[in-house]
Amino acid sequence: MSTHNVWTHKGTFLLAAVGSAVGLGNLWRFPYLAGENGGGAFLLIYALTIFAVGIPILIAEIMLGRNSRRSPIMGMRFLTRTHHTSRSWESIGWLGAVSAFLILSFYSVIAGWAIHYTWQMLTGALAGADAETIAAGFDALLASPALLTLYHTLFIIASGLIVGLGIHGGIERGLRVIMPALFVILLVVLGYGAVNGDFAAAAGFLFTFNIADLSLEGWLEAMGQSFFTLSLGMGAIMAYGAYMSGEASLTRTAIAIAVVDTAVAVVAGLAIFSLVFGAGLDAGQGPGLMFVTLPLAFAEMPGGALIGGVFFVLVLGAAISSSISLIEPVAAYLVERFDLTRPQAVFAMVVASWALGLLTVVSFNLWAEASVFHSLFGRSAFDLLELLTNIFMPLGGLLIALFAGWALTHSEVMKEMRTNEAWFGAWRFLVRFVAPAAVSFVFLRAIPQVEG
Ligand code: PFF
Ligand code: NA
């Protein structure tokens with residue numbers, strides 16, 4: 001069964017893809033990983049991967065979606081048949097579905113923290129609070145499995161309802177407001193941080209590149225983050241590409257997504273690190289970084305309760321437009337393959353991800369240190385999911401690059417890219433050789449170093 005539905009408006013794909021890309025990855029994950037991995041060195045590897053590897057693979061992934069006009073798994077099956085290539089390429093679809101399921105499980109828990117802070121801001125609970133009070137409040141949140149589970153449940157239900165009822169349309173229109181507003185508020189926080197915090201230290205931290213600061217696992221995290229932040233290598237973009245109008249330019253669209261996404265991450269990073277260094281907080285404190293620094297700024301800035309409330313609502317909007325893109329490809333597959341109704345398919349995916357999410361919940365409290373997980377894997381379940389994400393997404397991207405680079409013919413690519421021979425040649429060189437070499441290089445060096 002093929003999807004005949006094409007988004008009629010040329011800009012709709014771009015909006016949906018930016019909605020998928022911009023999310024907790026930019027605001028929460030980028031600053032926390034950069035903070036743990038030497039700042040500038042992390043940013044350097046991250047940015048190099050985005051531009052030399054991410055953009056070419058983004059083009060490839062949209063191309064596979066638009067060319068097959070099917071959900072990722074069925075689309076890869078269709079493409080391997082029409083190209084008489086090995087069915088093992090279907091693993092691109094499978095791997096993507098598994099990644100989506102793993103990512104949604106922890107994404108929803110973290111988005112739940114934003115629900116908590118939306119509430120805290122709007123009720124003025126943190127007005128005037130100092131750094132210690134805010135840090136203690138965050139620790140109390142993490143210490144409560146019940147509260148974390150409640151928020152996780154609310155977020156995943158909201159995401160599931162949007163996809164299950166097929167009402168992304170509303171979200172996409174909302175994104176026209178949410179995205180610019182989020183960017184403006186980030187600039188306000190950056191301005192506040194520059195005046196009241198330590199902008200020079202933040203800029204020094206993020207833009208001084210000392211590669212020796214980066215551990216080998218840091219390399220893997222930087223590369224994984226560049227795929228994560230672009231929603232790349234797991235079928236989300238392919239699923240949206242299936243609906244993309246034939247006229248829109250692949251290259252320009254891919255560059256726009258990468259530039260917007262990177263700008264949001266860098267502004268968020270500068271704002272957060274200005275506050276971190278200004279308040280003498282620890283840049284490497286881990287996943288809580290955004291949730292202890294931004295509420296602190298809002299607690300102290302004039303009108304902060306309102307600005308902070310609006311900010312966290314926008315964060316939730318950005319998170320939900322990303323989480324629906326995690327559900328979409330898996331749900332579309334279940335519908336196409338098992339003839340489930342859309343609500344049934346979404347329900348199955350969401351319930352399974354919700355249950356897996358409980359492992360992330362307990363990673364911050366009951367199983368924070370000594371647990372079965374630590375004895376088996378040497379890390380918490382949340383850390384293991386983060387590690388798997390950093391491996392699976394680039395791996396998916398690697399396979400997409402190889403398939404688009406080697407299996408698709410010149411005329412098929414040209415039909416989608418409609419570009420000149422020079423850019424075609426450059427793109428094909430990037431997906432055939434550069435992207436696979438870069439991903440393999442980081443894997444071969446870093447994975448043996450990952451300690452169990
Ligand atoms: N790109 C999203 C973010 O940066 O928050 C996360 C994400 C969404 C990853 C969708 C993967 C995906 F398929
Ligand atoms: Na992102």
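**Entry 1: contacts.** I took two residues to be in contact if their C-beta atoms, placed from the backbone, lie within 7 Å. Among contacts in the protein between residues at least 6 apart in sequence, I found that 86% join residues at least 24 apart.

**Entry 2: the model.** I noted that this is a predicted model, in which local features need pLDDT of at least 70 and side-chain atom pairs count only at pLDDT 80 or more, while totals for chains, interfaces and linings use all residues. Residues are numbered from 1 along each chain as its sequence is written, and chains are lettered from A and ligands numbered from 1 in the order in which they are written.

**Entry 3: overall form.** I counted 19 helices and 0 strands (DSSP runs of H or I, at least four residues, and of E, at least two, numbered from the N terminus). The radius of gyration, taken over C-alpha atoms, is 21 Å, close to the 22 Å of the globule rule (2.2 Å times the number of residues to the power 0.38) for 452 residues, so the protein is as compact as a globular protein of that length. Buried residues (20 or more other C-beta atoms, placed from the backbone, within 10 Å of their own) make up 54% of the 452.

**Entry 4: helix α17.** I looked up α17, residues 381–407, and found that 20 of its 27 residues are buried.

**Entry 5: ligand 1.** I found 16 residues around ligand 1 (C-beta atom, placed from the backbone, within 6 Å). The closest are Gly23, Gly25, Ser231, Ala236 and Ser322. Helices α1, α2, α5, α10 and α14 each supply at least two residues of this shell.

Technical notes
The expected span of a helix is 1.5 Å times one less than its number of residues. A residue is buried if 20 or more other C-beta atoms lie within 10 Å of its own, exposed if 12 or fewer, and partly exposed in between; C-beta atoms are placed from the backbone.
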